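The following exercises practise the reading of a protein structure. Attempt each task before turning to its solution.

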Amino acid sequence: LLLPLFGDAEQEWDDGFRACLYLAGLLWCFMGVAIIADVFMGAIEKVTSKKVRRLNKKTGRMHTYEVWNGTVANLTLMALGSSAPEILLNVIDILAKDFYLQGLGPGTIVGSAAYNLLMIIAVC
């Protein structure tokens with residue numbers, strides 16, 4: 001579908017050069033994902049660190065409370081992050097087959113959910 005990038009003429013290139021070229025492209029993609037993930041996590045930290053001040057009516061003093069429970073927010077993000085590849089694969093599969101479910105569709109989500117559930121429970 002996408003490979004070889006430079007057409008059939010690429011097949012004549014040295015295998016070592018092609019491997020280095022594709023490795024450089026792969027590392028470039030990983031660097032892009034790392035930068036985007038870093039920006040995303042900075043935004044998530046800002047959202048989950050929000051605090052509110054409320055008046056305690058019994059004591060008449062102001063107290064600071066966290067809006068988000070840090071543990072719940074982190075576990076939710078961990079589950080979402082670990083399931084995202086399977087969900088995107090399922091969406092692409094469904095769109096490619098004109099919304100006809102077969103093959104990867106339901107099995108991808110069910111298998112991913114079962115694996116993530118069991119692994120998160122085992123680790124925690």
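**Exercise 1. Describe how the two strands are paired.**

Solution. Step 1: strand 1 (residues 51–55) and strand 2 (residues 62–66) run antiparallel and are joined by five bridges. Strands are DSSP runs of E with at least two residues, helices are DSSP runs of H or I with at least four residues, and both are numbered from the N terminus. Two strands count as paired if DSSP finds at least two bridges between them.

Step 2: identify individual partners. Arginine 54 has histidine 63 of strand 2 as its bridge partner, and leucine 55 stands opposite methionine 62 in strand 2.

Step 3: examine the connection. Six residues lie between the strands of this hairpin, and glycine 60 takes a positive phi near 75° there.

Step 4: consider the cover of strand 1. The strand is hardly covered, since the count of buried residues among its five residues is zero. Here, buried means under 20% relative accessible area, exposed means over 50%, and partly exposed lies in between (1.4 Å probe, protein chains only).

**Exercise 2. State the origin of the model and the confidence assigned to its parts.**

Solution. Step 1: the model is predicted, so local features need pLDDT of at least 70 and side-chain atom pairs count only at pLDDT 80 or more, while totals for chains, interfaces and linings use all residues. Residues are numbered from 1 along each chain as its sequence is written, and side-chain values use heavy atoms, with hydrogens and water left out.

Step 2: pLDDT is the predictor's confidence in each residue, from 0 to 100. The protein has a mean pLDDT of 79, and 90% of its residues reach 70 or more.

Step 3: compare the elements. Confidence is highest in strand 1, at 91, and lowest in helix 3 (residues 105–123), at a mean of 71.

**Exercise 3. Summarise the overall architecture.**

Solution. Step 1: the protein has three helices and two strands, which follow the pattern α-β-β-α-α along the sequence.

Step 2: turn to burial and surface. Of the 124 residues, 10% count as buried. The protein exposes about 10400 Å², of which carbon and sulfur atoms supply 70%; accessible areas come from the Shrake-Rupley method with a 1.4 Å probe, and for residues only the protein chains shown count as cover.

Step 3: consider the contacts, defined as heavy atoms within 4.5 Å. Among contacts between residues at least 6 apart in sequence, 18% join residues at least 24 apart.

Step 4: examine one pair of residues. Isoleucine 44 is found in helix 1 and counts as buried because its relative accessibility is 18%. The C-alpha atoms of isoleucine 44 and leucine 77 are separated by 9.2 Å, although these residues are 33 residues apart along the chain.

**Exercise 4. Which residues are linked in a network of salt bridges?**

Solution. Step 1: recall the principle. Side chains of opposite charge can pair when their charged atoms come close. The criterion for a salt bridge is a side-chain nitrogen of Lys or Arg within 4 Å of a carboxyl oxygen of Asp or Glu.

Step 2: a search of the whole structure finds two salt bridges. Glutamate 10 meets arginine 18 with a distance of 3.4 Å, N to O, and aspartate 15 meets arginine 18 with the closest N and O atoms 3.8 Å apart. Glu10, Asp15 and Arg18 are thus the members of the network.

Step 3: locate the residues. Aspartate 15 and arginine 18 both lie in helix 1, three residues apart, about one turn of the helix.

Step 4: assess their burial. Aspartate 15 counts as exposed because its relative accessibility is 56%, whereas arginine 18 counts as buried because its value is 18%. Glutamate 10 is buried as well.

Step 5: list the neighbours. Not counting residues up to four places away in sequence, arginine 18 touches Glu10, Gln11 and Trp13.
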